[in-house]
Amino acid sequence: MDKIVQEKIQEFKEYLTKLEYLNSALGVLYWDMRVGIPKKGIPYRSEVVGYLSTEAYKLETSDKVKEFLEYFSGVKDLDRITSSMIENVRKNYEKTKKIPENRYREYVVLTSEAEAKWEEAKNNSDFSLFKPYLEKLVEFQ
């Protein structure tokens, strides 16, 4: 494998690291919403999750990712791990790109709020608390 391809792989991995950092931060926020956040903080935290998820969406569906994928489609001597990594990014890119950015954000915020409301409804044995969120989730589908 020549030096230019190796440099491009390194650039690609650095790009994906930024995305992984966002996803890791989102994981911590989701965990906090499940175990520690006060109920009044859920709408704000859901908006933060929506914002960060949208930033991750932008990285996942960017022209830069498309350029990487196009570049690597012409490279034949990649190792198995790099080939698998590129294929996984390609699948995710193609799947995520089909979702409009604003709908993606709306859905993430809604599911964050709905999950918290479901937990409350379950603990209180009161489905009516969760019902409006469930209806909105079904509308999305």
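Reader: I'm new here, so let's start with a pair of helices. At what angle do H1 and H5 pack?

Author: Keep in mind that this is a predicted model. In it, the axes of H1 and H5 lie 10 Å apart. Their crossing is right-handed, and the angle at which they pack is about 25°.

Reader: Are H1 and H5 roughly parallel or antiparallel to each other?

Author: Their packing angle is about 25°. Angles under 35 degrees count as roughly parallel. H1 and H5 are therefore roughly parallel.

Reader: Which residues of H5 meet H1?

Author: On the H1 side you'll find Tyr30, Met33 and Arg34. By class, this contact of H1 with H5 has four nonpolar, one polar and three charged residues. The residues in H5 that meet H1 are Val108, Ser112, Glu115, Trp118 and Glu119.

Reader: How about H2? Is H1 roughly parallel or antiparallel to H2?

Author: The axes of H1 and H2 come within 10 Å and cross at roughly 160°. Angles over 145 degrees count as roughly antiparallel. That crossing, which is left-handed, therefore makes H1 roughly antiparallel to H2.

Reader: How many nonpolar residues are in the contact of H1 with H2?

Author: H1 brings residues including Leu19, Leu22, Leu26 and Leu29, and these belong to a contact with H2 residues including Val48, Val49 and Leu52. Charged residues take part too, among them Asp32 in H1 and Arg45 in H2. By class, there are three polar and six charged residues in the contact of H1 with H2, and the nonpolar ones number 13.

Reader: And what about H4? Is H1 parallel or oblique to H4?

Author: H1 covers residues 3-35 and H4 covers residues 80-97, and their axes come within 12 Å and cross at roughly 50°. With that angle, H1 is therefore oblique to H4.

Reader: Which residues of H4 make the contact with H1?

Author: The crossing of H1 and H4 is left-handed. H1 puts in Ile9, Phe12, Lys13 and Leu16. By class, the contact has six nonpolar, one polar and one charged residues. From H4 come Thr82, Met85, Ile86 and Val89.

Reader: Let's look at empty space. Which helix gives the most to the lining of the largest pocket?

Author: The largest pocket holds about 380 Å³ of space, and 19 residues line it. H1, H2 and H5 each supply at least two of the lining residues. With nine residues, the helix that gives the most is H5.

Reader: Which residues lie nearest the centre of the largest pocket?

Author: By class, the lining of the largest pocket has eight nonpolar, four polar and seven charged residues. Nearest its centre lie Lys39, Ile42, Ala116, Lys117 and Glu120.

Reader: How much space lies in the second largest pocket?

Author: Its lining includes Tyr15, Leu16, Val65, Met85 and Tyr93. H1, H2 and H4 each supply at least two lining residues, and H4 gives the most, with four. By class, the lining has eight nonpolar, one polar and one charged residues. The space in the second largest pocket is about 160 Å³.

Reader: One last thing: what separation do the C-alpha atoms of Lys8 and Tyr71 have?

Author: Lys8 sits in helix H1. Not counting residues up to four places away in sequence, Lys8 touches Phe68, Tyr71 and Phe72. Lys8 and Tyr71 are 63 residues apart along the chain, and their C-alpha atoms are separated by 8.8 Å.

Definitions and conventions: Residues numbered from 1 in each chain as written. Predicted model: local features only at pLDDT ≥ 70, side-chain atom pairs only at ≥ 80, totals over all residues. Heavy atoms only, no water. Axes fitted to C-alpha atoms, helices over the stretch in contact; angles between N-to-C directions. Parallel < 35°, antiparallel > 145°, perpendicular 65-115°, else oblique. Left-handed = near helix turned anticlockwise from the far one by under 90°. Contact = heavy atoms within 4.5 Å. Nonpolar A, V, L, I, M, F, W, Y, C, P; charged D, E, K, R; others polar. 1 Å grid on protein atoms, 1.4 Å probe; cavity = no way out; pocket = protein on both sides within 12 Å on 5 of 7 lines; lining within 4 Å. Points joined across faces, edges and corners; volume = space filled by probe spheres on them.
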